[in-house]
Amino acid sequence: MVFRYCCRFKFRYHLNLKRQPAGAHRLWSHRSYKAKWPMKFILMIFQSASFQDDIYTWVRDHRVHHKFTDTDADPYNARRGFFFSHIGWLLTRKHPDVASKGATVDCSDLEQDPFVIFQKKWYLYLMPLCTFIIPTLVPWWAWGESFWYSWHVAVCRYCTNLNITWSVNSAAHMWGVKPYDKSITSVNNAAVSFLALGEGWHNYHHVFPWDYKAAELGNYGLNFTTAFIDFFAYLGLAYDLKTVPTNVIKKRALRSGETY
């Protein structure tokens, strides 16, 4: 029973972690690739199940973070310490600069995306259904799992998913290496990348946010989200995958990266 519990938790963990990186992050926040409607629909449902705000709100905050990184206008400013960038930013009033400067960030593309608008309108219904109700009821009804086991796995998965996502804002801005730009707080952190399925190559990502891999290499072992997108590209549902030429990466690393 414990083995079955752990396997089911691991499956849900991987399924849920793909939701933010591939959808709200790499597709909607940075437009690093394009997706056809079946993939958008899947990512919309996945993102609803992550219970981290609707796509529009998540993307707006993330774009503000990138435009005003390490300033008071950054919603999860790492210069205010680990606790603040990890969870404190959700527990305190936003700095006035977040609202004033955040208003300058263009989100018009999101307002024209029917999947984003639909999810925003029905989020209060989609979120509990996808995050807690379906993950609890399906195992209970389909293969006779204990209702309380199913419920606790759903809640435990959600809490784990939250902290791993937050670690990209905190740990990946504090502990690691800076091979591309030593002047910013974001770092490459292999441990975070392993846990967050490819989101820990953060120094690279802040220098080249439009790269769909969010990393220099497409290493599937520490960047499972790239494999996820590549699979949909193979099916013809993801296309126009943006990357950075190798010579551009090398020049930037030589110009502003740390030397080892």
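## A helix residue to begin with

Leaving aside its neighbours within four places in sequence, Leu 129 is in contact (heavy atoms within 4.5 Å) with Ile 134 and Pro 135. This is a predicted model, in which local features need pLDDT of at least 70 and side-chain atom pairs pLDDT 80 or more, while totals for chains, interfaces and linings use all residues. Residues are numbered from 1 along each chain as its sequence is written, and side-chain values use heavy atoms, without hydrogens or water.

Leu 129 belongs to helix α7 (helices are DSSP runs of H or I, at least four residues, and strands of E, at least two, numbered from the N terminus). With a relative accessible area of 37%, Leu 129 is partly exposed (buried is under 20%, exposed over 50%, partly exposed in between, with a 1.4 Å probe and protein chains only). If you look across to Ala 49, you will find its C-alpha atom 7.8 Å from that of Leu 129, although their positions lie 80 residues apart along the chain.

## Where α2 meets α7

Helix α2 covers residues 37-50 and helix α7 covers residues 114-142; their axes come within 8 Å and cross at roughly 50° (axes are lines fitted to C-alpha atoms over the stretch in contact, with angles from 0 to 180 degrees between N-to-C directions). On the α2 side, the residues making the contact are Trp 37, Lys 40, Phe 41, Met 44, Ile 45, Gln 47, Ser 48, Ala 49 and Ser 50. Helix α7 answers with Phe 115, Phe 118, Gln 119, Tyr 123, Leu 126, Met 127, Cys 130 and Thr 131.

One of these α7 residues is worth picking out in your viewer. Gln 119 sits in helix α7 and is buried, at a relative accessible area of 0%. If residues up to four places away in sequence are not counted, Gln 119 touches Met 44, Gln 47, Ser 48, Asp 54, Ile 55 and Leu 126. Among these partners, Met 44, Gln 47 and Ser 48 also appear on the α2 side of the helix contact.

## Aromatic rings

Searching the whole structure turns up 15 aromatic pairs (Phe, Tyr or six-membered Trp rings with centres within 6.5 Å; planes under 30 degrees apart are stacked, over 60 edge-to-face, the rest tilted). Trp 140 and Phe 147 make up an edge-to-face pair, with 5.0 Å from centre to centre and 75° between the planes. Both partners are open to solvent in part: Trp 140 is partly exposed at 37% relative accessible area, and Phe 147 is partly exposed at 28%.

Phe 208 and Trp 210 are also an edge-to-face pair, because their planes stand at 85°, with the ring centres 5.7 Å apart. Here the two partners fall into separate classes: Phe 208 is buried, with a relative accessible area of 3%, whereas Trp 210 counts as partly exposed at 39%. Elsewhere, ring pairs join Phe 51, Phe 132, Trp 151 and Tyr 158 into a cluster.

## Three aspartates

Asp 61 is part of helix α3, residues 55-67. Its relative accessible area is 11%, which makes Asp 61 buried. Setting aside neighbours within four places in sequence, Asp 61 is in contact with Pro 75, Tyr 76, Trp 89 and Lys 94.

The other two aspartates are found in loops. Asp 53 lies in the loop between α2 and α3, and has a positive phi of about 80° without being a glycine. Asp 53 counts as partly exposed, at 40% relative accessibility. Asp 70, in the loop between α3 and α4 (82-86), is likewise not a glycine and has a positive phi of about 70°. Asp 70 counts as buried, at 13% relative accessibility.

## Helix α11 and what follows

Helix α11 runs over residues 224-234, and its buried residues are Thr 225, Thr 226, Ala 227, Phe 228, Ile 229, Asp 230 and Phe 232. Two phenylalanines, Phe 228 and Phe 232, are therefore on that buried list, and so is the charged residue Asp 230. Just after α11 comes Gly 236, with a positive phi of about 85°.
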